[in-house]
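Please look over the sequence and the structure shown here before reading on. The briefing below is meant to be read with both of them in view.

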Amino acid sequence: AAVWNLDDISPGAVTSVDSSPNHHDLTLSGTVASTIGSGDGGSGVSFAATGKATSDLVLDLFDSHTTAATARITTFNGTNQTIAKYSRLGNPYREDELYFDGTAKKVCYRLAVSQTAPSPPATTVTPGAERKVCSSQAVSPNVWIWVTGGFDAMRGEVFVSVNGARTTSAATTAWTYGGTLGGSGGASSIGNGTLNGAVDNVQALNRMMDPDELGALASVEAGRWELDQTGDDASTNLVHHPLNDVAPIEDRWNDFGHLEKEAGSSYYDGTLGLSTNGPVLRTDQSFSVSAWVNVNSVPVRNLTAVSQDGAIQSNFFLGARLFSGVPRWSFSMEDADSSATVKFTHAYSPVAIVDDDSGAWVHLVGVYDSSAQTQTLYVDGRAAMTTTKTTRWQAGGSFNVGMARWAPAGGQSSAADMYDGSVDALRVYAGVLTPDMVNRLYNTQDGQL
């Protein structure tokens, strides 16, 4: 029905283009501005006070439909704040809304039917019947989340999902229309003059979404490096981040990869590895990192396959790490970009790395969910450990393969944990990879979601 990428909000802009063939362009009014987007390399739109973006009604509200968006709320103020809202004039009057609930501090979806259509359309409707469903978990302010909500006409349910996981649903069999479908017209609104926050990449669809689509929409590809004889970024992101060889070695590029007929992979000998010229991920928001790795031998020190640097510390370290002297696959995160205090949180494999693992390819995925405040390590498609991660910060330095940056308490910052082994098929995402998406990455031949 409509796709609003919201990448075209320049100062003074009064419209935002619908990139679908249906041409439901948005009209901007109130306090609306361009802001840093949710991770696709483009921008989003921030709303405050009376800000909203409106168009004609794009959905058939009496049939199945879905709205998907990335959104963040600046602060909860006790009132509901709209992400997307749709109203249909007529008798009965119909209204659907995807929003932040100011009391529950959750994302909710509601539909309302009134026996009499308000004229002119009111901001709020006293419904003849209303059904509402909310996410199972509360959401955090100033955190981008991937949300969907809508109506399943066949099952008579409303539903909502956060970060790709459909959280709950409620049947709508109780209402009676008590009128005709007479009347015409309606409206769609993003923000609706109530949101203090931001929205990006809105899709309005006149159908249900497949569960696999929900998972895929919970993340945006931020970088993809095949590492087949080159560090080129082959992602679909609007901004590409090629990897540069910091200290070239003769054997940097293998002629084999994690698949039998693959063109190659990258090799690291315990010296400096590959690095971009700047950050790839917003590490203060949700992100996911996927890579195929192997080690030359059982690690006797920490080995980092993938990281992203702050000024003093790397934000995350995906690779192998010693725990009480025992090497395990690990997704570790620093609590702050500081050498005054140095504190990690770790998610690691329950099984140690042993001699038989030397040279064997392993699929590692690290997922940081900033809204749920968790970090999870997946090994070969399965969750190995999830731990609580309450602090977050943006690492504004380079994205690295084969090394990290670290400073001991009170010490100097320097390159650390240089990798000893190979890395292949590296993927990074803004957002949360669901367990199903991780499993698909592990089992796919082309590494596509």
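What follows is a short briefing on one buried charged residue, on the nonpolar cores and on the aromatic rings.

The model is a predicted one. Its largest nonpolar core has 39 residues, and ten aromatic pairs are found in the structure. Strand β7, which covers residues 93–101, is a useful place to begin, for both Glu97 and Phe100 belong to this strand.

**Glu97 in strand β7**

- Glu97 has a relative accessibility of 7%, and because buried means under 20%, this residue counts as buried.
- The side chain of Glu97 makes a polar contact of 2.4 Å with the side chain of Thr82, and another polar contact, of 2.9 Å, joins the side chain of Glu97 to that of Arg110.
- When residues up to four places away in sequence are not counted, Glu97 touches Thr82, Ala84, Lys85, Cys108, Tyr109 and Arg110.

**Nonpolar cores**

- In soluble globular proteins, nonpolar side chains tend to be buried together.
- In the largest nonpolar core of this model, the residues with the most contacts inside the core are Phe100, Val107, Ile190 and Val199.
- Apart from this core lies another one, which has 35 residues and includes Val289, Phe316, Leu318 and Ala347.
- Val107, with its neighbours within four places in sequence left aside, is in contact with a list of residues that includes Leu98, Tyr99 and Phe100, as well as Val133, Cys134, Val160 and Val162.

**Aromatic rings**

- Among the ten aromatic pairs is the one formed by Phe76 and Phe100, whose ring centres are 6.3 Å apart and whose planes stand at 80°, so the pair is edge-to-face.
- This pair links distant parts of the chain, since Phe76 lies in the loop between β5 (65–73) and β6 (81–88) while Phe100 lies in strand β7, 24 residues apart.
- Both partners count as buried, Phe76 with a relative accessibility of 14% and Phe100 with a relative accessibility of 1%.
- One aromatic cluster is formed by Phe287, Phe316, Phe331 and Tyr368, and Phe316 is also among the residues of the core of 35 residues.

**Charges over rings**

- The charged end of Arg94 sits over the ring of Phe151, at 5.1 Å from the centre of that ring.
- Arg321 lies over the face of Phe344, where the distance to the ring centre is 4.9 Å.

Key:
Residues numbered from 1 in each chain as written. Predicted model: local features only at pLDDT ≥ 70, side-chain atom pairs only at ≥ 80, totals over all residues. Heavy atoms only, no water. Helix = DSSP H or I, 4+ residues; strand = E, 2+ residues; numbered from the N terminus. Buried < 20%, exposed > 50% of the residue type's maximum accessible area, 1.4 Å probe, protein only. Polar contact = N/O pair within 3.5 Å; in protein donor to acceptor, adjacent residues only side chain to side chain. Contact = heavy atoms within 4.5 Å. Core = buried A, V, L, I, M, F, W, Y, C linked by side-chain atoms within 4.5 Å. Phe/Tyr/Trp six-rings, centres within 6.5 Å; stacked < 30°, edge-to-face > 60°. Lys NZ or Arg CZ within 6 Å of the ring centre and 35° of its normal.
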